[in-house]
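This report looks at a helix and its surroundings, a strand pair, and the setting of a ligand. Please keep the sequence and the structure at hand while reading.

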Amino acid sequence: MALAYSKQPLEIREITLKKKPSSMLHYSPKGTVPILILMSSNRDVRVIDESLDIMLWALEQNDPDGWWPENLTQQDEIKQLIKFCDNTFKTHLDRYKYADRYPEQSAAHYRQMGEEFLSRLDQRLSKTTYLCSHHLSLADMAIFPFIRQFAHVDKTWFEKSAYKYLQAWLDQHLKSEIFIAVMKKYAPWQDVDQTILFP
Ligand SMILES: N[C@@H](CCC(=O)N[C@@H](CS)C(=O)NCC(=O)O)C(=O)O
């Protein structure tokens, strides 16, 4: 979403994680997606292979609506929230999603662990329209896809839960033009002369 929003001309190469192309591993041996490969006109290459760094790069190029605030305290708050989501919350989300692979505890237990974050976000959204202020920021865009995944494990549970502000916020982002645009399905890239533009 950050890349689409920044309107940088981009080519997309959809990959299948079970069949990673060797050219992908050549640029980023750690083998995770997303990877952004920047090539300058003199063919200098820069690789960015962490999603947060890719988002920050995109906003550095173009941030017309101010997703990344100039205020350092606000920047720090956004980073802290994303960091908690990426580490602690993501661990609980994965266990809740794939509870059969983690039989030490029940799915309900993993869900309860994840709820700490849902509750924190809901409290924030009871005070401001978006997670960090009345202004939409990178925090909202980076975090809502994970809340979407959590909600989708058991939609009925999520819809009946007490997190009313969070439900409305999620709903708003799921219906947004930018989310719908980037969720377009792409066929896996083949190792041929093939250019698919993004989004
Ligand atoms: N911290 C990394 C995590 C990236 C990550 O783990 N991506 C998953 C897909 S969502 C992946 O590529 N897994 C590698 C695999 O399944 O082989 C980031 O945010 O870029």
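## Helices and their packing

The cover over the buried residues of helix H5 includes helix H4 (72-97), helix H6 (138-153), helix H7 (155-160) and helix H8 (164-174), as seen in this predicted model. The residues of H5 that are buried are Tyr110, Arg111, Gly114, Glu115, Phe117, Leu118, Leu121, Asp122 and Leu125, a list in which the charged residues Arg111, Glu115 and Asp122 appear alongside Tyr110, Phe117 and several leucines. Helix H5 itself covers residues 107-127, and its 21 residues reach 30 Å from the first C-alpha to the last, close to the 30 Å expected at 1.5 Å a residue. Within H5 there is nevertheless a kink of about 35°, centred on Gly114, and Gly114 is itself among the buried residues of the helix.

Helix H6 also bends, by about 30° at Phe144, with a proline, Pro145, following within four residues. Its buried residues include Leu138, Met141, Ile143, Phe144, Phe146, Ile147 and Phe150, and the buried residues of H6 pack against helix H3 (51-61), H4, H5, H7, H8 and helix H9 (177-182).

## The hairpin and Arg46

Strand E2 (residues 36-39) and strand E3 run antiparallel and are joined by four bridges. The two strands form a hairpin with five residues between them, and in the turn Arg43 has a positive phi of about 65°. Arg46 lies in E3, which spans residues 45-48, and is the bridge partner of Leu38. Setting aside residues up to four places away in sequence, Arg46 touches Leu36, Ile37, Leu38 and Trp57. Is Arg46 buried, partly exposed or exposed? Arg46 counts as partly exposed because its relative accessibility is 48%, which lies between the limits of 20% and 50%. Between Arg46 and His92 there are 33 Å in space, C-alpha to C-alpha, and the two are 46 residues apart in sequence.

## The ligand

Around the ligand stand Leu17, Lys20, Gly31, Thr32, Val33, Pro34, Asp49, Glu50 and Ser51. For three of these residues, the distance from a protein atom to an oxygen atom of the ligand is given below.

| Residue | Protein atom | Distance to a ligand oxygen atom |
|---|---|---|
| Lys20 | polar side-chain atom | 2.7 Å |
| Val33 | backbone N or O atom | 2.8 Å |
| Ser51 | polar side-chain atom | 2.5 Å |

Key
Residues are numbered from 1 along each chain as its sequence is written. This is a predicted model: local features need pLDDT of at least 70, side-chain atom pairs count only at pLDDT 80 or more; totals for chains, interfaces and linings use all residues. Side-chain values use heavy atoms; hydrogens and water are left out. Buried means under 20% relative accessible area, exposed over 50%, partly exposed in between (1.4 Å probe, protein chains only). Contact means heavy atoms within 4.5 Å. Two strands pair if DSSP finds at least two bridges between them. The expected span of a helix is 1.5 Å times one less than its number of residues. The bend at a residue is the angle between axes fitted to the seven residues ending there and the seven starting there. A residue is near a molecule or strand if one of its heavy atoms lies within 4 Å of it. A polar contact is a pair of N or O atoms within 3.5 Å; within protein, one must be able to donate a hydrogen and the other to accept it, and residues adjacent in sequence count only if both atoms are side-chain atoms.
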